[in-house]
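Thank you for asking me to look over this model with you. My comments are set out below as numbered points, and they are best read with the structure open beside them.

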Amino acid sequence: MDQQRFLEQLQIVLDPSKGNVKSATSVLQNEFYKQPESLLFLIQLIISHDLTSLKQLAAVEARQLVPKHWTRISANQRPHVRSQLLQATIAENDGKVRRAAARLISAIAKLDLNDGEWADLPSFLQKAATSSKQEERVVGTYILFSILETMGDAFGERFRDLFALFGNTIRDPESNEVRINTMLALSKMAMVIDEEDDQASVKAFQGLFPSMVGVLKDTIDAGEEDRIMQAFEVFQTLLGCDYQLMSKHFQHLVIFMNQIASNKDLAEDTRVQAISFLMQAVQYRRLKIQGMKIGEQLVMSMLQIVTELGDSAADDDDITPARSALGLVGSMAQQLPASQVIVPLLKVLRQFSEHSDPNYRRAGILALGMCVEGAPDFIGTQVQDFIPVVLRLLDDPEVKVRQAALHSVAQLADNVPQDLGKQHEKLMPMLLKNLTAAMQAYQGEEDGPNIEMMKAGSSAIDAMVDGMEKGDASPYLEQLTRLLQRLFQHPDFKIKALAASALGSLASTVESAFLPYLDDSMNSMHEFATKKESEDELDLRASITDAMGEFAVAAGPEKFKIYVAPLMLACEEALSLEHSRLKESTYILFGSLAKVYEEEFAHFLPGVVKALFDCLDQEEADIEVDLGEGASDLLGKEVTIAGKKVKVAAATDDDVAGEDGGIGDVEIYDDDEDDWNDLTTVGPIALEKEIAIEVLGDVISNSKREFLPYLEKSIEKILPLAEHEFEGIRKATVSTLHRAYAALWDVEEEAGHIQKWQPGLPLRVEPSPRLKKFGEVLMAGTITVWADEEDRTTVMDTSRSLAENLKLTGPNLVSYPDVLEKVVNIVMALITKKHPCQEELSLEAEADLSDMEITEFDWLVVDSAMDVISGLAVALGPDFTQLWKRFDKHILKYASGGEALERATAVGVLAEVITGMGSSVTPYTAQLGQILLRRLGDEDPQTKSNAAYAIGRLVEKSHDSATVAKAFPPILSKVHNLFTIKEARCQDNAAGCISRLILKHREAVPTDEILPELIESGILPLKEDYEENEPVWKMIVQMYKWEDQTIIDLTPKLIPAIKAVLGEPEEQLNDETREQVQQLAVFLQQNMSS
C-alpha cells in the first residue's frame, strides 16, 4: 500500500486547496479503504503524526473501518496496536483528538471483549480513571463512556464496580470534564438498567443522582457552555429511562430546572435548555408532573418569563427563554389537566391584562392563545368570562399588545369557533378597527408594526369568519370584502396571501351571498395565479389556489364554471414547478372542485387521478437537518428549509454534539451514532402524499360512480401506505379507504345491486361481490393499523372512520371471520387505556387510571373508541345485547365519573346504544334509567342535555312499562328544568325528550301545562339539534290527530314555528317529517280559512 499517496488523499480532504476532494474521496473509498492495512496506517497516524486535524480525521475514519478490518489484522499485531493506541490517547493533549480516539478504542473493544480478548482493558481504564494525573482521568472516564455507549448492556456484570468508581469520579476535585464524562457514562448505564432485574444498580444510581445535579449546577456557575449542554443532555436522556432511577429526586430536579429557567442572570441558552427539559418532562413524565401538583407553579414561572419578550415580534421564531416558556405553557395545556394549567392562568389573566407594564399584558394574552389547542372544550366554556379581557387588549394603547391579542383571537377562533363566534358582535368591530388603522397608518415601509398588525389582523379575521355561522357573517360581508380586496393590493406578498386566505374563508362561510363579489375577487387574483419567478410568488400562488377553491364551493357549479378550465390548466403547470406548498394547494383544489361538480367532475378525472398517482409514486428520501441547540422544542412541528416544508419527527441523543469532527464525504459506512442536533424529519414528499391521499378520498366520495374505473387501482396504490413510517400518511390512508368503501356502497345501493342493509349478524342482506372483497381488504388494513398504532391522532381517526362506516353501511365490515372479536378487543383496550397509544399512561400510572384527572387529548382517544361502540350498536341492533355485557361496566363507570367530559360522552353513548338495541334494551331499563335520571340533574349542561336525549330514547324503546311509568314524574321534573338552559342543546333535547314521553304515554304527561310552555317559550323551531325535530313534530301532528284541545288552542302561536321549520335551512327536517308537517300546514290552513 502506497502510504504516501494515502496520506496525500487525507490531506486533500482536510485542505481542498491541495487537490480535488471528490477525487480524493473516491481514491480513499475504492483503493485504500478496501485493504486491512489502511486501518493500521490510520491508527499509526493517530499515534505518531503531529497535525491534530489529521489525527482527528484518521481516528474518525479508522473507527468506520474497524467492523470490516480489525479481525483481519493478525492476532500477533493486535495487542501491540491496542497498547500503543491506548498510550497515545492517554498522552494526547488535544481534546477533539482524544475523544475521537476514545471512540475508536470503544469500537475495537466492542469486537474484542465479545470475543474474549483485551481482558485487561477494564482494569487499565479503572486505573486511568483514578490516576493522580488529571489528563489520564479525563481520558479514562471518556473511554469508559464510549464503551458503555457502544456496548453498555454487555457490561452489566461490571456495574457494581463501575458505580463504585463513578462515585469518586463524579466528585473529581480538579476537573469538571471528568465529572461530565462520568455523567455521560452513567446516562448510558441508565439506558440498560432494568428496575425489576437489578435493584442494586437502581439504588446505586439513586445514590449518585444528587451529585449529577451538582455537576450541572457547577458547570452553570462556571459558565462552561459546552459542558452545560452535555449535562442537560444527560438529564434529557434520563427522562426516557426507567423512572425509578430518579424517582426519589425527580420533583427536586423539576423545581431546580424551573429555578434555572427563571434566573435572568444566566445565559439564554442555559435557560432555554432548562425549559426544554421541562417540556420533555411534561411530555414523557406527565403523570408524575401531574401527581406533584406543580402545574400552577410552572405556569406562573413561565408567564413571568414570557414578559421578557420585550420588543420582539409576537410571531418571531427565535428560540429564546420567553419563546420557549410560551411553548411550554402550550405543551402543559395539552399534557396536563385544565385544573393545573388553564384554571391558574385564567385566575391571573385579568391581573396581567391590567398591569401597567405592557409586557405583562402581552404575556397573559399570548399564553391564553397558546393554551386553547390543548383544552378547547374547557376553554370554550370560559369564553364568556375572559372575552372582556380580550376586547380590552384589542384596544390597548400599545401596538405589541394589540398584535398579541390578534394572534390569540386567531388561535381561539381556530379551536373554539362556535363559542368565539357567539361573540362576533363585540369582536368583529375590534378586529376591523385594528386592521383598518394599520392600513391607514402604513407609509410604504417594508417592515415594522404596521406590517405586523396587518398580518395579525388578517389572520384573526380569517380564523374568525371561518368559524362563524352564515347568518352571523353576512352583515360583515360588504365591509370585509372591500377591505380585504384593498389589502390584496398591498405590495407585501405575505399580506397578499393572508388577505386571499381571509377572502376564501369569508366566501366559504357566506356561500352564495359572496356571488356579487366573485368576479372582482377572481380577477384581482388572476394575475398572481400563474406567477412562478420566485419563492415568494409561488407561496402567494399557493394561497390564491386555496382561496379559489373556497370561492368555487361558495359560488356553486354554474357560477364558477367559467373559471374551471383556465384554473385546471394552471394546476397542470403548478404540479411541474416542484414547490411542495403549491402542489398541496393544487391537490386540495382538486378536492374542492370535485365537491362542487360531483359526478360532473368526470371530465377532469383522468388528469386528476394521474396527478395524485404521480405524487404517490414519488421516491422519498430521509432528510436530516442540523437545527441547532434547542431544536427539541420543534419536535412534531413543520418548518421550512430551503423552500421545502418538512416535519421534525424525532431527535437522536446517541452522540455528543460535534465530537467526531468527521468529514461526511469520506465516511463510507453508516454510523448509527449521529449528532444529537440532527433531527430526522418527515420530508416534503411525505407531506405531499398525505394531502394527496386525503384529496383522493374527497374525489372518490364526490364523483362516486364516475370514479369506478379508477377505484381498484386507487386501492392498490394506497393500501400499502397503511404501514408507512409517517403517521400522517397512515391516518390519511385508513380514512380514504373507509371513505372509498362508503362511496362504493352508495353507488351499489343506488344502482340496485344491493338492498338496504339490516342490523344484526349473521348478515340478513349480502353485499355485492365487489363490496365484499373490498370490505375484507379494508378491515384487514384497518385492524393492522388500529391494533398496534402508537400515534393517538391516527388511532382516533381510525376509530371514527370505522364508527361512521358501521352507521352508514351496517354490520358488513364486522361480518368477516374473527373481525368482530378483534374490533371489540381493540375497543376494550382503548376504553380501559391499555392500548399501545396509551402505553405511557400504563407505564407511568401507579394507581387506577380511571381515578386520575384526564386531559382532553387523552380523553379523545377513549371518546373515539366509544364512537365505535355506538357504531356497533347501530349496525348490530338487537344483537348488540351480547356485546353490551362486555362494555356495560366500563361505560356506566364513565357515566358516573368525576369528569364532566367523561360523563357527557358516556351518556351520549348510552343514548346510541339504547337506540341501536331497540326493544332489546328492555331488560336494562331499570339499570339505565336510574343512572340517566341522576345525570339529568348533573352540574354539566352537556351531560344534562345528553341525558335528556338518552332517557327519551329509553322511554321510546323499552317495553318495561311499569318501570318507565314509575320514572315519569322525576323525568318530567328534571327535563322541565332544561327548558331554561340555552347552552349545550339542552332546550332542543328537552323538547325531544318530552315529545317522546307524550308519544309513549300521553296520559302520564300534563300536556296542558307542558305544551304551552314548549310552544310559547321560543324553543320552537329548534335551533341546533335538528334531529330532534322528528319526535317534536311527530308529537305535534299526533296531538292534532288526537284532537287535543290544548294543541288546538295553541295553533296561532304554532303557525310561525311551522313556517320557519318548513323554510331554510332545509336540513331542519328529514323527508318523512317534512311531509307530515306540510300536511299539517295544509290541514290548519283549510280549517282556519273555514
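**Notes on the charged side chains**

1. In this predicted model, Asp 617 and Lys 717 form a salt bridge in which the closest N and O atoms lie 2.6 Å apart. The two partners come from distant parts of the chain, being 100 residues apart, with Asp 617 in the loop between α32 (605-616) and β1 (623-626) and Lys 717 in helix α34 (residues 708-718). As for its surroundings, Asp 617 is partly exposed, with a relative accessible area of 42%.

2. A salt bridge within one helix is found between Lys 217 and Asp 221, where the closest N and O atoms are 3.3 Å apart. Both residues belong to helix α11 (residues 199-222), and because they are 4 residues apart there, about one helical turn separates them. Is each of these side chains exposed or partly exposed? Lys 217 has a relative accessible area of 42% and is therefore partly exposed, whereas Asp 221 reaches 56% relative accessibility and so counts as exposed, the cut-off for that word being over 50%.

3. Please look next at Arg 705 and Glu 706, whose side chains meet in a salt bridge with an N to O distance of 3.5 Å. Arg 705 is partly exposed, at a relative accessible area of 47%, and Glu 706 is also partly exposed, its relative accessible area being 27%.

4. Salt bridges can also be joined into a network, and here one such network links Arg 953, Glu 956, Lys 957, Arg 996, Glu 1027 and Glu 1028. When you trace these contacts, it may help to keep the wider count in mind, since a search of the whole structure finds 53 salt bridges.

5. Finally, which residues form the negative surface patch? The patch is made up of Glu 225, Asp 226, Glu 268 and Asp 269, and the elements that contribute two or more residues to the patch are α12 (225-239) and α14 (268-284). Asp 269, which is found in helix α14, is partly exposed with a relative accessible area of 41%. That value matters for the reasoning because a patch is built from residues with over 30% relative accessible area and no salt bridge, and the 41% of Asp 269 therefore satisfies the area condition.

Definitions and conventions. Residues are numbered from 1 along each chain as its sequence is written. This is a predicted model: local features need pLDDT of at least 70, side-chain atom pairs count only at pLDDT 80 or more; totals for chains, interfaces and linings use all residues. Side-chain values use heavy atoms; hydrogens and water are left out. Patches are made of residues with over 30% relative accessible area and no salt bridge: like charges are joined within 9 Å, nonpolar side chains (Val, Leu, Ile, Met, Phe, Trp, Tyr) within 5 Å. Accessible areas come from the Shrake-Rupley method with a 1.4 Å probe; for residues, only the protein chains shown count as cover. A salt bridge is a side-chain nitrogen of Lys or Arg within 4 Å of a carboxyl oxygen of Asp or Glu. Lys and Arg count as positive and Asp and Glu as negative; His and the chain ends are not counted. The place of a charge is taken as NZ of Lys, CZ of Arg, CG of Asp or CD of Glu. Buried means under 20% relative accessible area, exposed over 50%, partly exposed in between (1.4 Å probe, protein chains only).
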